[in-house]
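Student: Could you take me through one part of this structure closely, and then show me how it connects to its surroundings? I would like one joined-up answer.

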Amino acid sequence: MSAHRPTLADVAAAAQVSVSTASLAFSGAGPIAAATRERVLESARELGYAGPNPLGRQLRRGRSGIVGVVIGDALARAFRDPVSTQVLDGLVGHLGPLDLGVLLVPGSAAPDAPAVDPLLESAAMDVAVVMWGGNDDDPVLSTLQRRGIPTVVVEGRKLPGVCVVGIDDRTGMAATTQHLLDLGHTRIATVTLPMDRDRHEGPVDEARLERPMWEITRRRLDGVLDTGVRPVVVYETPASLVEHGASAGRALLGEPDRPTAVVCQSDLLASGVVLAARELGLRVPQDVSVAGFDGIELPWLAPDELTTVVQPLTDKGATLGRIVEELLAGEEVADHEMPVSLRVGTTTGPPPA
């Protein structure tokens, strides 16, 4: 047995075949007799040779075997959000059997941080998945397009050369708002996701509403407006986290002329509003109705069950995986929009008399 780390050439010599024949034995393809393949593999076992370096094999084919996943936020915040983790679970679950690795690239964590992580400029990747993005002036997309990396965007704007996997969230937000209107509410406030990299927190004025904003936030706000509702307050949050929803809830519900209903752009924000209502001594839904978006499990909110728009989170991730696979195969890919549905829970009811 060789004293140095065994190589494919060592295996070929031990099996008395050429290096190219030994390579075929490991690839599982090509013209090689079954007995010869078994002899090569047996020699490899005796020498302790695990097989050709997969990275080297991929690079020889012009691929890295890596899918870059650009998270739309700092990783510490993203991994506190079940929406992100469930989508990632569906994506990674599809990519794993394809022997594809995932490189997580954090988004911009603060207004003064670089708009593009340095990893995005230089890291090897065959395809990129951009979570929660896709504005036409997005520097992340510009960087990926400059590098010629095929890109899939989650819930972004439809742009040339970019595949979008989204949901019909505008219709979902309209359905939730209409549900509140049907219950008799007229004083409806809305709590939004961040509108841009500034990650402002607080009530939004007309000037800010007229500025360009992130696509997902704009679409969900438009869903509310589609019903004819003009919210008594539009409250922007810096991230989809429970504490930001609680801050919004305290601000909206702490005044005598509070809204009778609050429709939120995520379940975590909505659950924070519910907790704030409890803290202020308000009953949900007798004193205030609260609705969210996402359909995640919130057992700790019991006995309340949130009224929400349910989206297929894990299926969305798996769909992303299938599109990545098609891009790697050189196939034409199409945008994909997934349906959502309203699920009425215990947190919405008629307005107080």
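Student: To begin, in which loop does Pro285 lie?

Tutor: Happy to help, and please keep in mind that this is a predicted model. Pro285 lies in the loop between α13 and β10, so let us start with the helix on one side of that loop and work onward from there.

Helix α13 covers residues 267-279, 13 residues in total. From its first C-alpha to its last, α13 reaches 18 Å, close to the 18 Å expected at 1.5 Å a residue. At the start of α13, Ser266 places a side-chain oxygen within 3.1 Å of the backbone nitrogen of Leu269. After α13 comes Gly281, which has a positive phi, near 80 degrees.

Is the helix enclosed or open to the outside? Since 10 of its 13 residues are buried, α13 is largely enclosed by the rest of the structure. The buried set consists of Asp267, Leu268, Leu269, Ala270, Ser271, Gly272, Val273, Val274, Ala276 and Ala277. The elements that cover these residues include two helices, α6 (82-95) and α12 (242-253). Strands take part in the cover too, among them β6 (188-192), β9 (261-264), β10 (289-294) and β11 (307-310).

Now back to the loop. The peptide bond from Val284 to Pro285 is cis, and its omega is near 10 degrees. For context, most peptide bonds are trans. A second cis bond runs from Ala302 to Pro303, also with omega near 10 degrees. Pro303 is found in the loop between β10 and β11, and both of those strands are included in the cover of the buried residues of α13.

Strand β10 deserves a stop of its own. Asp294 lies in this strand, and its phi is near 140 degrees, a positive value in a residue other than glycine. Most residues other than glycine have a negative phi. Asp294 counts as buried because its relative accessibility is 4%, under the 20% cut-off. You can set Gln16 beside Asp294: Gln16 also has a positive phi, of about 60 degrees, although it is not a glycine. Gln16, however, lies in the loop between α1 (8-15) and α2 (19-27), and it counts as exposed because its relative accessibility is 72%.

Phe293 brings in a side-chain arrangement that you may want to inspect. The charged end of Arg220 sits over the ring of Phe293, 4.0 Å from the ring centre. As for pairs between aromatic rings, the structure holds zero of them.

Finally, let us look at the nonpolar interior. The largest nonpolar core has 47 residues, and Val129 and Val191 are those with the most contacts inside it. Apart from that core lies another one, of 16 residues, including Val105, Ala128, Val130 and Leu141. Leaving aside neighbours within four places in sequence, Val129 is in contact with Val67, Gly68, Val69, Val70, Leu91, Val152, Val154, Leu320 and Val324.

Definitions and conventions
Residues numbered from 1 in each chain as written. Predicted model: local features only at pLDDT ≥ 70, side-chain atom pairs only at ≥ 80, totals over all residues. Heavy atoms only, no water. Helix = DSSP H or I, 4+ residues; strand = E, 2+ residues; numbered from the N terminus. Expected span 1.5 Å × (residues − 1). Buried < 20%, exposed > 50% of the residue type's maximum accessible area, 1.4 Å probe, protein only. Contact = heavy atoms within 4.5 Å. Polar contact = N/O pair within 3.5 Å; in protein donor to acceptor, adjacent residues only side chain to side chain. Phe/Tyr/Trp six-rings, centres within 6.5 Å; stacked < 30°, edge-to-face > 60°. Lys NZ or Arg CZ within 6 Å of the ring centre and 35° of its normal. Core = buried A, V, L, I, M, F, W, Y, C linked by side-chain atoms within 4.5 Å.
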